[in-house]
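Here is a short briefing for a first-year student, to be read with the sequence and the 3D view side by side. It goes topic by topic, and each technical term is explained where it first appears.

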Amino acid sequence: FPERRNCPWEMLRRHKRSWVWNQFFVLEEYTGEEPLYVGKLHSDVDKGDGKVKYVLSGEGSTSIFTIDENTGDIHATKRLDREEQAYYTLQAQAVDRITNIPVEPRSEFLVKVQDINDNEPKFMDGHYMAGVPEMSALGTMVVQVAATDADDPTYGNSARVVYSIISGQPYFSVEPKTGIIRTALPNMDREVKDQYVLVIQAKDMVGQMGGLSGTTSVTITLTDVNDNPPHFSRKNYQYTVLESLPVASVVARVKAVDADIGPNAEMEYRIIEDGPGLFNITTDEDTQEGVIILQKSLDFETKNSFNVRIKATNRNIDPAFVHLGSFSDTTSVKVTVKDVNESPVFSAQLSRMVISEDARVGTSIGRVSAHDPDTSNSAIRYSIDRNTDLERIFNVDALSGVISTAKPLDREVNSVHNLTILAMESQDPTKIGKGFVAITVLDINDNAPVFAIAYETLLCENAAPGQVIQTISAVDKDESPSGHLFYFALPASVVSNSNFTLRDNKDNTASIVTKRGGFRRQEQMLYRLPVLIVDNGSPALSSTNTLSVNVCDCDSDGVAQSCGAMPYTLPAGLSTGALVAILGCIITLLVMVLMIMSMRQRKKEPLILEEERDVRENIVRYDDEGGGEEDTEAFDMVALRNLNVIRDPKVRRDVIPDTHTFFPYPTSSSSQPVHKTLPDNVVFRKFIWDRLKDADVEPSAPPYDSLQTYTFEGSGSVAESLSSLESLSTDSEQNYDYLSTWGPRFKKLADLYGNSDSNSNGNSMS
């Protein structure tokens, strides 16, 4: 390069670029300890005197690349990876070292990272799953695998991959360039082995030595095809069934085995030899078994064994494998019938019989017959299921089966009787057969005709003679083979009446016609007209029915306005004096009744006075036996000891007793019964005497005891009754000394009621 000249026209000349370039490449993955030399920058302005300084900027200028400001040498201070960044764009400039003024314009250059084989091929899809039909031809494509290499495909062979199979031979192969996996053997059988695991390798550097490699696994499953025919494991099957097996029941199950799976193993079964057609066969879709079903009832006495031939065929046959043979198989099934004790069988399951409703009791209607179908031919006994003959109208002879009447029949109540006849084996009464009998009751003419409805006939007062006031008809409960025909007439006793006549219309109806006019309710408001009705039965029956005719007040159109009795006006009203007298009598009677009730109420005063109730309220209930003298919580004896007032025996002051008492009472205190005078019981005993005497001498007292009801302990008690009230019923002395022998629990009672020699007061029970 020429040096710069200081000429006046220099500014008009075009200057040539003054940079001197080297080719800048740097290897990736440099592992040396020293910085990697990249290249050198030099300007022809630089005379080597140190006045020029080199400056580097751009990508990685401070972190990756450095430049020697004196020499212009560029170094890489870090390890580079082409797969992360393939090149870097940098700017270089020469400046005056002192003034930092550029001596050359800024220039841009590239630093390319040169690739090395540092990445192995990778299978981005990971593990492969594939399938191929069994029995496929040689070279059938299974799946294609693909590996990628991150190295530069445009530089060398670092990214050129080839495929090979490491594991899986000799069954499969792989194309080196495409990675397509194909079958390497023909007619691989799924029933022998249904799954293979291959290991495929991808290697760069075109598979040469030193190349990097990666592997993946490929699982290949052989899918099923229908290449196996079904076959029965046995050529003969034997089954035993009871002759009582119900129709539509399962007799047996057979299965043809097929090595295939899924739809290729689905079966269809059919019976090719059956005999009388007793059986049918269907396919159980869940288990692919042939289910033999009974279609008709079995009878051991008729036939006790059957041979059935069954054929099983694949439902889905693949035409590609028909050449392998027939896709079906056959087997024989022998069904043996086992005898059971059967119930009797009627010769006719339903018997129809007829009888006239006028048949006498005991008349034979018909006969049923049943037999034992077993070889034992046991004797049969007959009976009627009374649930079908609740009124016991019929009987059946137990031995002969003859059905007869037990009660009179009435067709109009029940025209058809449905009976269930039971046939029972004499040797085994648990075996019962059922037969059905329908007995039709034939009609006789035993019911007379009557009015069809309850007629309500209205007759207007202004009715004209010859007017039809009612049309009547009749019904008959009996049946008539040729249809009912009724005849209507008036009885001879009323034919000549002057009010009404009857006209038979000859169509099972009749008209009631007036003979006259001028009917008045004041004269007669109701007419009763007897009507004779005769049927056409044999013998003919008749009945007399009464027709009620009400006289009514009608409007001009003949519509009844009011019927029945006419209202009458009272002749004259009562005078005021009479009404006052009646009212006064009523008031007087009411006053007398009230006075009587008041007097009776005053006479009935309560037996127990108010001042005495306080005493009674302190009495402890004696129906509580408590815990004896050791029980101090049951009641408080202080309540009985504080009754300081002792009342003398007295009778009611407001009522004079006019009735003798039921028991004799002592008249003075000296003659009263004397008990053991202890502080605990003297007041209480006196109180009881007072109340008993008041109650007995009061004739109008209600029937209750002022002491309420004493609980009865029962007659079985060893201690008998402990009540001292029984002393009122007799004058004899009661001895309670035996209480002292009952133990400590009765010591208190013994002290209260027992007689002792140490009695300081000398009192005794009387």
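The largest nonpolar core has 23 residues, and those that touch the most other members are Leu-459, Ile-472, Phe-488, Phe-500, Leu-502, Ile-512 and Val-531. A nonpolar core is here a set of buried Ala, Val, Leu, Ile, Met, Phe, Trp, Tyr and Cys residues joined through side-chain atoms within 4.5 Å, and buried means under 20% relative accessible area, exposed over 50%, and partly exposed in between, computed with a 1.4 Å probe on protein chains only. This is a predicted model, in which local features need pLDDT of at least 70 and side-chain atom pairs count only at pLDDT 80 or more, while totals for chains, interfaces and linings use all residues. Residues are numbered from 1 along each chain as its sequence is written, and side-chain values use heavy atoms, with hydrogens and water left out.

**The nonpolar core**

- The elements that give two or more residues to this core are strands S37 (468–475), S39 (500–504), S40 (509–514), S41 (526–534) and S42 (542–554); strands (E, at least two residues) and helices (H or I, at least four) are DSSP runs numbered from the N terminus.
- Among these elements, S41 gives the most to the core, with four residues.
- Leaving aside residues up to four places away in sequence, Ile-472 touches Phe-451, Tyr-455, Phe-488, Leu-502, Asn-508, Thr-509, Ala-510, Ile-512 and Val-531, where contact means heavy atoms within 4.5 Å.
- As general background, nonpolar side chains tend to be buried together in soluble globular proteins.

**Two open sheets**

- One open sheet has four strands in the order S10-S16-S15-S12, with mixed pairing, and two strands are said to pair if DSSP finds at least two bridges between them.
- The edge strands of this sheet are S10 (128–133) and S12 (162–167), each of which pairs on one side only.
- Neighbouring strands of this four-stranded sheet are turned by 35 degrees against each other on average, direction ignored; the axes are lines fitted to C-alpha atoms, for helices over the stretch in contact, and angles run from 0 to 180 degrees between N-to-C directions.
- S10 pairs with S16 (residues 213–223) in the parallel sense over six bridges, and Val-132 stands opposite Leu-222 in S16.
- Another open sheet is formed by three strands in the order S11-S14-S13, with antiparallel pairing.
- S11 (141–144) and S13 (172–174) are the edge strands here, each with a single partner strand, so one side of each is left without a neighbour in the sheet.
- In this three-stranded sheet the twist averages 25 degrees from one strand to the next.
- S11 and S14 (residues 180–183) run antiparallel and are joined by three bridges, with Ile-181 in S14 as the bridge partner of Val-143.

**A hairpin**

- S42 and S43 (residues 560–563) run antiparallel and are joined by three bridges, and Cys-552 stands opposite Cys-563 in S43.
- These two strands, S42 and S43, form a hairpin with five residues between them, and Gly-558 in the turn has a positive phi of about 85 degrees.

**Salt bridges**

- The whole structure holds 16 salt bridges, each being a side-chain nitrogen of Lys or Arg within 4 Å of a carboxyl oxygen of Asp or Glu.
- The side chains of Arg-315 and Glu-266 meet in a salt bridge at 3.6 Å, N to O.
- Arg-315 is partly exposed, with a relative accessible area of 29%, and Glu-266 also counts as partly exposed, at 22% relative accessibility.
- Arg-386 forms a salt bridge with Asp-389, whose closest N and O atoms are 2.8 Å apart; Arg-386 counts as partly exposed at 23% relative accessibility, whereas Asp-389 counts as buried at 4%.
- Arg-411 forms a salt bridge with Asp-443, the closest N and O atoms being 3.0 Å apart.
- This pair links distant parts of the chain, 32 residues apart, with Arg-411 in the loop between S32 (402–405) and S33 (416–425), and Asp-443 in the loop between S34 (432–442) and S35 (450–451).
- Arg-411 is buried at 9% relative accessibility, while Asp-443 is partly exposed at 22%.
- Glu-266, Glu-268, Glu-285 and Arg-315 are joined into one network by salt bridges that share partners.

**Helix H4**

- Of the 15 residues of H4, 12 are buried, so the helix is largely enclosed by the rest of the structure.
- The buried residues of H4 include Phe-684, Phe-687, Ile-688, Trp-689 and Leu-692, and also charged-type names such as Arg-685 and Asp-690.
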